[in-house]
Amino acid sequence: MPETRETAVYTHGHHESVLRSHTWRTAANSAAYLLGSLEPDMRVLDIGCGPGTITADLAALVPDGRVTGADRAPGVLEQARATAEGRGLANVDFEVADVHTLDHPDGTFDVVHAHQVLQHVGDPVGALREMARVTRPGGLVAVRDADYAAMTWYPAVPGLDDWLDLYRRVARANGGEPDAGRRLRSWALAAGLSDITATSGTWTYATPEERAWWSGLWADRTLASAYADRAVQGGHATPEELRAMSGAWREWGLREDGWFAVLHGEILCRKPA
């Protein structure tokens with residue numbers, strides 16, 4: 001098993017404003033590219049499962065199989081277990097794990113899935129190799145990541161460009177790659193994977209409710225989260241600058257003509273049989 005350990009720092013942390021976003025995620029809105037490949041008896045590993053909403057959906061879709069949710073943060077796994085228990089799912093379990101050193105034998109899983117994970121790790125190519133190692137021959141490695149530089153919005157509220165520039169600088173200082181979506185196919189090829197289907201997907205926030213939710217969580221995250229702390233402590237922004245960016249998010253959220261789109265890269269990699 002590889003000796004490599006995670007070197008990057010998770011930029012967001014697990015502040016309430018972060019989990020507000022993570023608990024909104026479902027298999028339908030975050031893993032649609034994978035769902036047509038699932039079969040009822042599959043064994044699935046969901047890496048970076050966070051509060052477990054996608055994990056629980058996957059477990060419901062493989063009722064005769066089993067899903068293991070894995071995350072580096074033990075605390076968030078308690079919420080994931082509660083999510084699964086609340087839905088009455090008996091075919092799901094959770095573990096603390098580092099994607100670079102998975103504690104499973106070769107070929108354990110039919111599907112190894114990671115949503116918004118590779119942008120936060122120090123060695124995404126090594127992570128993909130390890131994901132492929134624990135995938136059975138003929139099985140799938142499935143990965144989806146946002147691409148921050150490709151995010152786009154209207155109108156051009158002053159301050160949101162500053163927010164995007166700051167986020168990308170902080171994420172890279174933490175050892176990650178915020179523009180991961182466009183790089184997934186390249187990373188998979190470097191990891192030795194060859195049967196790769198590369199697609200893209202989006203989240204769009206345009207209704208008053210969507211704008212209020214998306215702008216509110218980012219306004220809060222910009223002021224009170226691990227990301228905010230690292231922005232200041234790393235010398236990337238002052239508290240006053242963060243307050244201005246938070247205000248820009250609030251202003252955008254109130255705009256009747258507001259629209260925001262998040263582009264994601266997606267890859268399905270079939271391991272040779």
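# A tour from S215 outwards

Begin by selecting S215, which counts as buried because its relative accessibility is 5%, under the 20% cut-off. The model on screen is a predicted one. S215 has its place in helix α9. Show the residues around S215, leaving aside the neighbours within four places in sequence: the contacts are W249, W252 and G253.

**Helix α9**

Now widen the selection to the whole of α9. This helix has 16 residues. From first C-alpha to last, α9 reaches 22 Å, close to the 22 Å expected at 1.5 Å a residue. Which residues of α9 are buried? They are R211, W214, S215, G216, L217, W218, A219, R221 and T222. Two residues of that list are worth showing as sticks: R221 lies over the face of W218, 4.3 Å from the centre of the ring.

**Helix α11**

Return to the contacts of S215, which include W249 and W252. Both of these tryptophans are among the buried residues of α11. Select residues 239-253 to see the whole of helix α11. Its 15 residues should span 21 Å at 1.5 Å a residue, and the end C-alpha atoms are 21 Å apart, so the two values agree.

Next, colour the buried residues of α11: L242, M245, S246, A248, W249, W252 and G253. Where do they lie around the axis of α11? They cover an arc of only 150°, which means that they sit on the same side of the helix.

To see what that buried set packs against, add these elements one at a time:

- strand β6 (152-154) and helix α7 (160-173);
- strand β7 (195-205) and helix α9 (208-223);
- helix α10 (226-233) and strand β8 (259-270).

**Helix α10**

Stay with α10, where A226, Y227, A228 and A231 are buried. The buried residues of α10 pack against α7, α9 and α11. Just after α10, stop at G235, where phi is positive, at about 75°.

**Helix α7 and the tyrosine pair**

Move to helix α7 and select D161, which has its place there. Is D161 buried or exposed? D161 counts as exposed because its relative accessibility is 54%, over the 50% cut-off. Draw a line from the C-alpha of D161 to that of A248: the two residues are 87 apart in sequence and 9.6 Å apart in space. A248 is one of the buried residues of α11.

Further along, the next stop is an aromatic pair; the structure holds 22 of these. Select Y148 and Y167, a stacked pair with 4.1 Å from centre to centre and 15° between the planes. What parts of the chain does this pair link? Y148 is in the loop between β5 (135-146) and β6, while Y167 is in helix α7, and the two are 19 residues apart. Both tyrosines are buried; for Y148, the relative accessibility is 6%.

Keep Y148 selected and add E130. These two are 18 residues apart in sequence, and their C-alpha atoms are 25 Å apart in space.

**Two backbone stops**

Go to the loop between β6 and α7, where P155 lies. The peptide bond from Y154 to P155 is cis, with omega near -5°.

The other stop is Q116, in the loop between β4 (109-115) and α6 (124-133). Q116 is a residue other than glycine with a positive phi, near 55°. Q116 counts as buried because its relative accessibility is 9%.

**Helix α1**

Select residues 16-22 to bring up helix α1, and pick out H22. H22 is buried, with a relative accessible area of 10%. Then add M131: H22 and M131 are 109 residues apart in sequence and 22 Å apart in space, from C-alpha to C-alpha.

**Last stop: two cysteines**

Finish with C49 and C269. C49 counts as buried at 8% relative accessibility, and C269 is buried with a relative accessible area of 0%. How many disulfides does the structure hold? The number is zero.

Technical notes: Residues numbered from 1 in each chain as written. Predicted model: local features only at pLDDT ≥ 70, side-chain atom pairs only at ≥ 80, totals over all residues. Heavy atoms only, no water. Disulfide = S-S within 2.5 Å. Buried < 20%, exposed > 50% of the residue type's maximum accessible area, 1.4 Å probe, protein only. Helix = DSSP H or I, 4+ residues; strand = E, 2+ residues; numbered from the N terminus. Expected span 1.5 Å × (residues − 1). Arc of directions from axis to C-beta. Contact = heavy atoms within 4.5 Å. Phe/Tyr/Trp six-rings, centres within 6.5 Å; stacked < 30°, edge-to-face > 60°. Lys NZ or Arg CZ within 6 Å of the ring centre and 35° of its normal.
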